[in-house]
Amino acid sequence: MRSRTPDRLCAEAVELARQAAEEAVGAEAVGPHIGAQADADRVVTHTFECLDAAYRGWHWAVTVARAPRAKNVTLDEVVLLPGADAILAPEWVPWSERLRPGDMGPGDLLPTGADDPRLEPGWTGEDEPAPNSAVALAEAEDLVVTDPHVQPAPARARINAVAEELGLGRSRVLSRLGLHLAAERWEKVHGAQTAMAQAAPASCGSCGFLIPIGGSLGQAFGVCGNEFGPADGQIVSFTYGCGGHSEAAVIPAPPAPSELILDELVVEPLQLHPDRTSGSVEPDAPAEELGHS
């Protein structure tokens, strides 16, 4: 192996390297010489301190070289390189990895890759004829139907119509991985390990406010329909729970008040003059009507 000892002539070309750096960025940005390092045979890089306040911790790297058996040293390149204490921008991350739930706003589009592992091909039925139809028989037996009395199958009997009722007809659907990731997210937000579920008197599986959903995830999840609950309108696990459980505390019906009885036929006499024998007034007081001074 050849020695990587810096070439003597290239290592001595400090002023040449400094002059090149000053011509490139200005003398005020080039600081003291730091050192020289051999990059290859007769190729040496001189480093100078960067005095620019915006690039603290960086240094100028000026590479010089000379041809074999030549005594003239020539300039190769001048670059600004970061040092160990340099302030660097964070590593670039693709937008698909920076995106977080809730980042999308009105009008935003979120494309999905053709090879997205969360999706798999669905059934569209574009090339599938209706079963037992004249077209299907013609394709199967290579026949040509010319009888005008042969009527096509009604629209309701076609596979496409039935597929739409069953929720099919989509080019792609969730794969097993996509279903697993969705269940994992829902379980983390509204599942058995949340603080709300730990303090709940019962789980959502026995709550009357739980709205069932279809599909394979309907065996473990539903939609909360309690407007006063913390997860109203959201997907919740059967193991989730809150204080708004329909059977947690049933309020008894208040007793009906008794009917008001008002007797309008009985007349109660009221004396206008005081009764002196009852002891409520003085016997020798003047005889005045009640209510007057």
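The exercises below work through selected features of this structure, which is a predicted model.

**Exercise 1. Salt bridges**

Task: Determine how many salt bridges the model holds, and describe which side chains meet in each and whether they are buried or exposed.

Solution: Begin with the criterion, since a salt bridge here requires a side-chain nitrogen of Lys or Arg within 4 Å of a carboxyl oxygen of Asp or Glu. By this rule the count comes to three.

Step 1. Take R66 and D7, whose side chains meet with an N to O distance of 2.9 Å. This pair links distant parts of the chain, because R66 sits in the loop between β3 and β4 while D7 belongs to the segment before α1 (8-11), and the two are 59 residues apart. Both R66 and D7 are buried.

Step 2. Turn to E12 and R8, which form a salt bridge at 3.5 Å, N to O. Here E12 is exposed, and R8 is exposed as well.

Step 3. Finish with R118 and D116, joined in a salt bridge at 2.8 Å, N to O. R118 has a relative accessibility of 40% and therefore counts as partly exposed, whereas D116, with a relative accessible area of 13%, is buried.

**Exercise 2. Positive phi angles**

Task: For R42 and R69, state the phi value, locate the residue in the chain, and classify its accessibility.

Solution: Each residue is taken through these points in turn.

Step 1. R42 is not a glycine, and yet its phi is positive, at about 60°. R42 is placed in the loop that runs between β1 (30-40) and β2 (43-50). For its exposure, apply the limits of under 20% relative accessible area for buried and over 50% for exposed, with partly exposed in between; at 27%, R42 is therefore partly exposed.

Step 2. R69, also a residue other than glycine, has a positive phi near 60°. Its position is in the loop between β3 (58-65) and β4 (74-82). With a relative accessible area of 82%, R69 is exposed.

**Exercise 3. The nonpolar cores**

Task: Identify which residues make up the largest nonpolar core, which elements supply at least two of them, and what V30 touches.

Solution: Start from the membership and then look at one member in detail.

Step 1. The largest nonpolar core has eleven residues in all, namely A17, A20, A21, A29, V30, F48, C50, W58, W60, V62 and A86. At least two residues of this core come from each of α2 (14-25), β2 and β3.

Step 2. Leaving aside residues up to four places away in sequence, V30 is in contact with R18, A21, E22, V25, F48, E49, L51 and W60.

Step 3. Another core of seven residues lies apart from the one around V30, and its members include A197, L210, A231 and Y240.

**Exercise 4. Aromatic pairs**

Task: Find how many aromatic pairs the structure holds, and explain why the pair of Y55 and W58 is classed as it is.

Solution: The structure holds two aromatic pairs.

Step 1. In the pair of Y55 and W58 the ring centres are 5.5 Å apart and the planes stand at 80°, so the geometry is edge-to-face, given that planes over 60 degrees apart are classed in this way. Y55 is partly exposed, at a relative accessible area of 35%, while W58 is buried, at 18%.

Step 2. W186 and F221 form an edge-to-face pair too, with 5.4 Å from centre to centre and 80° between the planes. Because W186 lies in helix α6 (residues 176-189) and F221 in strand β8, this pair ties together parts that are 35 residues apart in sequence. W186 is partly exposed, with a relative accessible area of 25%, and F221, at 4% relative accessibility, counts as buried.

**Exercise 5. The three-stranded sheet**

Task: Describe the open sheet that contains β8, and work out which strands stand at its edges.

Solution: The order of the strands leads to the edges.

Step 1. The sheet is open, has three strands in the order β7-β8-β9, and is paired in the antiparallel sense. β7 (210-212) and β9 (235-237) each have a single partner strand, so they stand at the edges, and one side of each is left without a neighbour in the sheet. From one strand to the next the twist averages 50°.

Step 2. Strand β8 (residues 221-224) pairs with β9 over three bridges, and the bridge partner of F221 in β9 is S237.

Notes
Residues are numbered from 1 along each chain as its sequence is written. This is a predicted model: local features need pLDDT of at least 70, side-chain atom pairs count only at pLDDT 80 or more; totals for chains, interfaces and linings use all residues. Side-chain values use heavy atoms; hydrogens and water are left out. Helices (H or I, at least four residues) and strands (E, at least two) are DSSP runs, numbered from the N terminus. Buried means under 20% relative accessible area, exposed over 50%, partly exposed in between (1.4 Å probe, protein chains only). Two strands pair if DSSP finds at least two bridges between them. Axes are lines fitted to C-alpha atoms, for helices over the stretch in contact, and angles run from 0 to 180 degrees between N-to-C directions. A nonpolar core is a set of buried Ala, Val, Leu, Ile, Met, Phe, Trp, Tyr and Cys residues joined through side-chain atoms within 4.5 Å. Contact means heavy atoms within 4.5 Å. Rings of Phe, Tyr and Trp (its six-membered ring) pair if their centres lie within 6.5 Å; planes under 30 degrees apart count as stacked, over 60 as edge-to-face and the rest as tilted.
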